[in-house]
Amino acid sequence: MSTAPTTRTELPSEPEAGRRKLSTAKAMVEAISQQMHTDEQVFVMGEDVGSYGGIFSSTTGLLDEFGPERVIDTPISETAFIGLGIGAAVEGMRPVIELMFVDFFGVCMDQIYNHMAKIHYESGGNVRVPMVLMSATGGGYSDGAQHSQCLWGTFAHLPGMKVVVPSNPYDAKGLMTAAIRSDDPVIYLFHKGIMGLGWMKKNQRSIGAVPTDAYEVPIGKARVAREGSDVSIVTLSLSVHHSLDVAEKLAAEGIDVEVIDLRTVVPLDREAIVASVSKTGRLIVVDEDYQSFGLSGEVIATAAEAMPGGLKHVSRVAVPDVPIPYARDLEYAVLPTPARIEAAVRKAVAR
Amino acid sequence: MTVQSALSATDRLELLRMMVLIRTFEEAILREYHADKSPGFDIGAGLVPGEMHLAAGQEPVAAGIGAHLSLGDALTATHRPHHVAIAHGVDMRKMAAEIFGRETGLGRGRGGHMHLFDPEVHFSCSGIVAEGLPPALGQAFAFQRAGTDRVAVAVAGEGAANAGAFHESLNLAALWKLPVIFVIEDNDWGISVPRSASTSVPSNAVRAAGYGIPGTRVEDNAVEDIWAAVGEAVRRARAGEGPSLIEVHTLRLWGHFEGDAQGYRGDLEGVPGRDPIPTYQKHLTDAGILDDAAFAEMGAAASTRVEDAIAFAKSSPLPDPADALKYVFTEGAQS
């Protein structure tokens, strides 16, 4: 492990955001860059992470800053380069590997779930795999069924991987810093719609205040994105933006929506879920992943186990169990849109 | 058998000694495995439950590799890992304890015989065919980036050479000149499917040409030829000349796993005559550097060491079921 000195100072966990604003993509890159300066064992590898800077700008500028020895373009061989990351991590390096679209996990999942995620357990804790596997998720721009999925529930279902899903620039930087420093394998899933890209529709929340110095957002800690008393929306990623928009709109009508941004799927902050639902008694899970057998059911089960009989309302707004359609109107018919979220809230609080 | 002039009498005796040690270990596991699975055969019963893939007959590959590696080099093995583990210096007591599912085992009983990890000697294995190759690339990458001359050896069966991970790994290793040695153990059988029904080329060594790296096939399970081929590949890797592929035509002396009746196997009758240990014993005896007493001494020493490991395993504590969730993550069980 490198102990190379850094000129940057270290902030405590979750410091004040300050006034400087960045896009989510730039916040991610800043976190990677700072950790690469601090620890020479950190390197970045993946398809088009070099001169292109990442198809969704997750590595922009890193090649110029650190050179091709540490920012490494790969052949289209996900099994080989993710496996390479695992072996390098076992030997003490801290790889940040990009899987371009999370939808591509099918060609390399054995390395991810049978190796990256299990080696620590199978070795009785004797072998650590401190690597980050970051990947772009989500739809909303007509990329079709093989380039629009979220799939965090798929990774979360399989033991041995932490799964973090930021929704904004502040969390994106803090979670990336925490992920790189973690001694466990971390899946870092960024929705394309939160990156603040110039070539894709974006919510105003894709740009936000980010501290300059390094800090961590603790893995496993949800955030109350908006306090409210009538109904709890438990959500993550781009759906946080939509949920906050709906909450602000309905506030004018006197409907007081609480929004919980999970930020991490594994380990799930069950306390935060139960605390919110205990207060409001009503739970809506908004999840851009597929509805059945996934995160939304897990969140509801968490609330039900903690407060059997204590729930006045439970529902979910997720992608019904269908491949993501191409045609715009079809796609938006299955995504958790603000309109669907608003309808769910109105139903939840109807007397 | 080609006699390699670079091999001293001591080296040759050491190759045989390693082969005998491995066979002694596999025979002891065979004995323990079947000791308490009757009546009938219950794969989940007894002190050593689960699938058991033993490597009897494949000892020359392990001995030929192990002779060239130091403890700082890495080795990734397959679902049939004991022979290369022993040859690479994995702690035999801890390995036996893992096979017996004990808290003192390499993985504290969480891994089992297909999932052995010994970070002291950079050893690991994977139960998934061909998928042990990519992590070996990463170990080699780390060694290369650290400016060392350490190497990684990735062992796989001939069935692995038809899997995508094999081809991705060879391309990437060649592209980046990683210090990796790919060793294919061709034991003729992918469980019950003969090589002739699975592989489009007579030798997987020719596939190396597709990646611009040297490919060698060693016939007849010849330990000294394996030693020579691995020696050259390791030299190349340490010198920064990149990866090599070696295929060894070896022998699966026993079933794919214990309990495999091998009804599909037409070559069984000739198998005992191809056992590499008596073959090499005779070779060294004929060369005048081994006599029966010395061979018996090798067996006795191996037996002492193996039985010590078995006894250690059997006397070790079982894991506490209350600790089943430990080690999912570094800080303990998940929420």
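Biologist: Which residues of chain B does the UniProt annotation "domain: Dehydrogenase E1 component" cover?

Modeller: Keep in mind that we are looking at a predicted model. The annotation comes from an unreviewed UniProt entry. In the model, the end C-alpha atoms of that span lie 37 Å apart, and the span is 38% helix and 11% strand. The record places the domain at residues 18–321 of chain B.

Biologist: And which residues of chain A carry the annotation "domain: Transketolase-like pyrimidine-binding"?

Modeller: This name, too, is taken from an unreviewed UniProt entry. Here the end C-alpha atoms of the span lie 11 Å apart, with 36% helix and 19% strand in between. The record gives residues 22–197 of chain A.

Biologist: Why can chain A be called as compact as a globular protein of its length?

Modeller: Let's start with its build: chain A has twelve helices and 14 strands. For 351 residues the globule rule gives 20 Å, so the chain counts as compact because its own radius of gyration is close to that, at 20 Å.

Biologist: What radius of gyration does chain B have?

Modeller: Chain B is built with nine helices and eight strands. Its C-alpha atoms fill a box of roughly 55 × 50 × 40 Å along the principal axes. A compact globule of 335 residues would come near 20 Å, and chain B agrees with that, having 20 Å.

Biologist: How much area is buried between chain A and chain B?

Modeller: The contact takes 43 residues from chain A and 39 residues from chain B. On the chain A side, E91(A), Y121(A) and E122(A) supply 21% of the area that this chain buries, more than any other three residues. Carbon and sulfur atoms give 62% of the total, which is about 3,300 Å².

Biologist: Which element gives the largest share of the side of chain A that touches chain B?

Modeller: Across the two chains there are 18 residue pairs in polar contact. Several elements of chain A give two or more residues to the touching side, among them β2 (42–46), α3 (78–90) and α4 (109–116). By class, that side has 17 nonpolar, 14 polar and twelve charged residues. The largest share, nine residues, comes from α3(A).

Biologist: Which residue of chain B forms a salt bridge with K162(A)?

Modeller: Side chains of opposite charge can pair when their charged atoms come close. Between chain A and chain B the count is three salt bridges. In the bridge made by K162(A), the closest N and O atoms are 2.7 Å apart, and the partner is E331(B).

Biologist: How many residues apart are R263(A) and D171(A)?

Modeller: These two form a salt bridge, with the closest N and O atoms 3.0 Å apart. R263(A) sits in the loop between β11 (257–261) and β12 (264–266), while D171(A) belongs to helix α7 (residues 169–181). The pair therefore links distant parts of chain A, and the separation is 92 residues.

Biologist: Where in chain B is P39(B) found?

Modeller: A look at the backbone helps here: the peptide bond from S38(B) to P39(B) is cis, with omega near 0 degrees. P39(B) is found in the loop between α1 (9–35) and α2 (59–66).

Biologist: What is phi of S142(A) near?

Modeller: S142(A) lies in the loop between β5 (132–137) and α6 (152–157) of chain A. Its phi has a positive value in a residue other than glycine, near 60 degrees.

Note on methods
Residues are numbered from 1 along each chain as its sequence is written. Chains are lettered from A and ligands numbered from 1 in the order in which they are written. This is a predicted model: local features need pLDDT of at least 70, side-chain atom pairs count only at pLDDT 80 or more; totals for chains, interfaces and linings use all residues. Side-chain values use heavy atoms; hydrogens and water are left out. UniProt positions are given in the numbering used here, feature names are shortened, and annotations may be inferred rather than shown by experiment. Helices (H or I, at least four residues) and strands (E, at least two) are DSSP runs, numbered from the N terminus. Contact means heavy atoms within 4.5 Å. Buried area is the accessible area (1.4 Å probe) that two parts lose on being put together, summed over both. A salt bridge is a side-chain nitrogen of Lys or Arg within 4 Å of a carboxyl oxygen of Asp or Glu. A polar contact is a pair of N or O atoms within 3.5 Å; within protein, one must be able to donate a hydrogen and the other to accept it, and residues adjacent in sequence count only if both atoms are side-chain atoms. Ala, Val, Leu, Ile, Met, Phe, Trp, Tyr, Cys and Pro count as nonpolar, Asp, Glu, Lys and Arg as charged, and the others, Gly among them, as polar. The radius of gyration is taken over C-alpha atoms; the globule rule is 2.2 Å times the number of residues to the power 0.38.
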